[in-house]
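Please load the model in a viewer and keep the selection panel at hand. The tour below proceeds by selection, with a short account of what is found at each stop.

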Amino acid sequence: MSVQSAAADVDVDLRQLFASLARNWLRIVVVVLSVTGLAFAFASLATRHYKAETQVEIAPRESVYTRPASNNNDTDKPILDEQGVATQVQIISSNEILKQVAQKLGLEKLPEFDDALDMSPLSRALVLVGLKSDPMEIPAEERVLKKMHEKLNVYGVEKTRIIAIEFSSEDPKLAAAIPDAIAAAYIAGQGAAKLESNNAAADFLAPEIADLSKQVKDAEAKVAAYRSQSDLLMGGNNSVLATQQLSELSSELSKVRANRAASEATADGVRRALQTGGSLDAVPEVLSSDLIQRLRERQVELRSNIADLSTTLLGNHPRIRALKSQLADLDAQIRSEAQKIMKGLLMQAETAKARENQLVADVNTLKAASAQAGEQQVDLDALQRDATAKRQQLELYLANYREAASRQDRNYLPVDARIASKASVPSEAYFPKVGPIVGAAFAASLLIMAIVTLLRELFSGRAMRPATGSRFERIDEVAMPHMASDMVAMPVVRQEPAVLRDPVLRPEMGNRPAAAEAKPYATMPAMAESPDMVAMAEAAAAKQTAVEPEPVRSTLGEIDVEKAAEKLIASGAARAIFVSPEGDEAAASAVLVAREVADAGLRVLLLDLTASGAASRPMLNSGLFPGITNLLASEAQFSDVIHADLYSDCHVIPVGTADPVRAMRAADRLPIIMQSLTTAYDLVVVECGPADAQGISRLTGDATEVFLSMLESDDDVTQAAVKLIESGYPDLTLVTPLGHEPPGNPVPGRRTAA
């Protein structure tokens, strides 16, 4: 951001600057018309060039009826991707195709394509003196190909599979014939490549098929021989006979075991019923017996008769007794018949058990046979897989060979490309375009002449005028008081002449002293040193080398706040370090000087390094803002710790709210922070409090001014000044805030943070 300082030296007079265009209008018009006329002459006399274009489409030409069976599933896939189209572009522009076209059209006989056929006297003279290469040193074929490459432009149309072939020539008919010939040569070359590939495939497949036929025959013979030797007879479901028999016997064994278990369970149920005298009606085998059913029916009939006779006869009647006797005989017969059924079931269970034992023995025998057959089957399967793979490969080779042979015999090899659009003879030349060339020459020459005229006016100084608004005047020297001969010589506090300068130029000048920057615009000469002061300094220096002085009380000369601000502006200082031996009250000098320089239009920042915040608290009316301690402790960024002074345009970084002990651990970062601040601001004012030379060493740098703030001249101030001078700060300046009256009555809160 540029700040227009009141102390700027000169300004640019825009009215005077642009008035130079009107004063030099004749020169501008002459130059512009001359350049435009030359451009028109060039465009009118230049050789006409014509351009034509042929388009080739990359698309499958194979019919669905003649497409090979192996490619039927690939109809939806693109024939070429972006890289494939780019490859075809390179093939079209290859030397092989261009040679064919050149021979077909006889381009080597045309002077347009061979410079050696029609060389002008000037060209021959340049060749003789060695300023131009002799075209005869290059073969005629290469000369023609070089010209064709210069005039040819082959590119793929974006998002399509169309390749455009552009060619320019002085002859419009030739410009249309050459791209058509290139497209035809490309398609013919693709057909020849397909034919060559097809013939190579047929030549390769013929001996391979013969070898595979023999291998398939041998492999199948090995399978048959191994099967007969291993007695691996095949049963149903394409399995070995032993394995199939084992499966059948296992199924039969399961059935026999189930029948045996059922018979034993039924016999056991009948036995329990007979032993316990229970009812036999719950046993299905008993109920299914016809004899028992008839006995049951007779038993029911006798019980019915007994019930009928009991209504008229007593229980001891002979007939009733006879019927009861018959009923008892029927029960005995039923139980006897149940015992017979039980015995039959037991016999059936024993028979099933014997059958089961026999089947178990047979299954064990078949298991061993099946295991041996399985091992042999593994070897047989390997032989069968080998024979099957060879047969499949043979069938594939036979199919491909038949397709290749048929295409070779019929000479049917469709190319995956066609000419989508043939070139038409152009009727209008594409070069030169008279209107655009003349218009561009006119606009360019007019712009260049205007820029040249403005620059000449600017650098001549006629467009510059003195700046107004300078508010600083020359600063007088501050006379130093006389000291006794045995006292330590104090530095001469001498002010440089006030020089008007532009603060906008300071970042580009690398923070050089303002006296050097503003030398061309200096308006006041420097004052000569007082002879008395020089003599006093020399005498004091001589005595200091002879005898080590003792610190004594001395009275030093000082300057006020206004002159301190003027000195900073005139010297071009980037840093102002204030030391206040008397404590917080003397810190007002740094605040007042920073405000004075900021009111002059410079970007100023005050950095408060006092322990109590004596410098920043009056500027912010609070000590609770984040500041330098927060920045050193990595708790905040620059944008968080920079605040606006409530009473001026100055910015301020307060002490902050972080732990001072933690912040001082990162004190090594102070030089980096100071460098960043001096880059962003014209002046950085640092209030250090009662610091010594070692304490301010991290804060100094190029273009640094050191000030000693004082309220009254006492021994503490004198000793602090002597120590700073002896520690390497001879240009120390004393400044006092006493007697300073700020202009106007500032109102708090009128500024906002930048």
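The stops below begin with the whole chain and then turn to individual sheets, helices and residues.

**The whole chain**

Begin with the entire protein chain, bearing in mind that this is a predicted model. A cartoon representation shows 22 helices and 13 strands. Of the 754 residues in the chain, 38% are buried. Among contacts with a separation of 6 or more, 82% join residues that are 24 or more positions apart. Switching to a surface representation displays an accessible surface of about 43,000 Å², and carbon and sulfur atoms account for 54% of that area.

**The four-stranded sheet**

Next, select strands S2, S3, S4 and S5. They form an open sheet of four strands in the order S3-S4-S2-S5, and the pairing is antiparallel. At the edges are S3 and S5, each of which pairs on one side only. On average, neighbouring strands of this sheet are turned by 30° against each other, direction ignored. Now add helix H6, residues 140-151, which packs on the sheet and touches S3 and S4. The direction of H6 makes about 50° with that of S3.

**Strand S4 and its partners**

Restrict the view to S4, residues 162-169. Is this strand enclosed by the rest of the structure, or open to the outside? Seven of its eight residues are buried, so S4 is largely enclosed by the rest of the structure.

Bring back strand S2, residues 50-57, which pairs with S4 in the antiparallel sense over eight bridges. Then bring back strand S3, residues 152-156, whose antiparallel pairing with S4 runs over five bridges. Phe167 is a convenient residue to label here: Ala52 stands opposite Phe167, and Leu152 also stands opposite Phe167. S3 and S4 form a hairpin with five residues between them. In the turn, Lys159 has a positive phi of about 60°.

**Ser168**

Move along S4 to Ser168. Is this residue buried or exposed? Its relative accessibility is 7%, and because the cut-off for buried is under 20%, Ser168 counts as buried. Leaving out residues up to four places away in sequence, Ser168 touches Tyr50, Lys51, Glu112, Lys151 and Tyr430. While side chains are displayed, a general point may help in reading the strand: in a regular strand, the side chains alternate between the two faces of the sheet.

**Ser424**

Select Ser424, which is found in the loop between strand S5 (418-421) and helix H12 (434-460). Ser424 is exposed, with a relative accessible area of 55%. Which residues is Ser424 in contact with, leaving aside its neighbours within four places in sequence? They are Ala52 and Ala176. To check a distance in the viewer, pick the C-alpha atoms of Ser424 and Ala175: they are 8.8 Å apart in space, while the two residues are 249 residues apart in sequence.

**A nonpolar patch on the surface**

Return to the surface representation and colour Trp25, Leu26, Val29, Val30 and Leu33. Together these residues make a nonpolar surface patch of about 500 Å². One of them, Val29, lies in helix H2, residues 25-45. At 37% relative accessibility, Val29 counts as partly exposed.

**The seven-stranded sheet**

Select strands S7 to S13. An open sheet of seven strands appears in the order S9-S10-S8-S11-S7-S12-S13, with mixed pairing. Its edge strands are S9 (643-644) and S13 (733-735), each pairing on one side only.

Within this sheet, isolate S7, residues 575-579, and S11, residues 683-687, which pair in the parallel sense over four bridges. Labelling Ala576 shows it standing opposite Val685 in S11. Then add helix H21, residues 670-680, which lies across S7, S8, S10 and S11. H21 runs at about 140° to S11.

**Helix H15**

The last selection is helix H15, residues 561-571. How many of its 11 residues are buried? Nine are, so H15 is largely enclosed by the rest of the structure. The buried residues are Val561, Ala564, Ala565, Glu566, Lys567, Leu568, Ile569, Ala570 and Ser571. Extend the selection to Gly572, which follows H15 and has a positive phi near 70°.

Methods:
Residues are numbered from 1 along each chain as its sequence is written. This is a predicted model: local features need pLDDT of at least 70, side-chain atom pairs count only at pLDDT 80 or more; totals for chains, interfaces and linings use all residues. Side-chain values use heavy atoms; hydrogens and water are left out. Helices (H or I, at least four residues) and strands (E, at least two) are DSSP runs, numbered from the N terminus. Buried means under 20% relative accessible area, exposed over 50%, partly exposed in between (1.4 Å probe, protein chains only). Contact means heavy atoms within 4.5 Å. Accessible areas come from the Shrake-Rupley method with a 1.4 Å probe; for residues, only the protein chains shown count as cover. Two strands pair if DSSP finds at least two bridges between them. Axes are lines fitted to C-alpha atoms, for helices over the stretch in contact, and angles run from 0 to 180 degrees between N-to-C directions. Patches are made of residues with over 30% relative accessible area and no salt bridge: like charges are joined within 9 Å, nonpolar side chains (Val, Leu, Ile, Met, Phe, Trp, Tyr) within 5 Å. A salt bridge is a side-chain nitrogen of Lys or Arg within 4 Å of a carboxyl oxygen of Asp or Glu.
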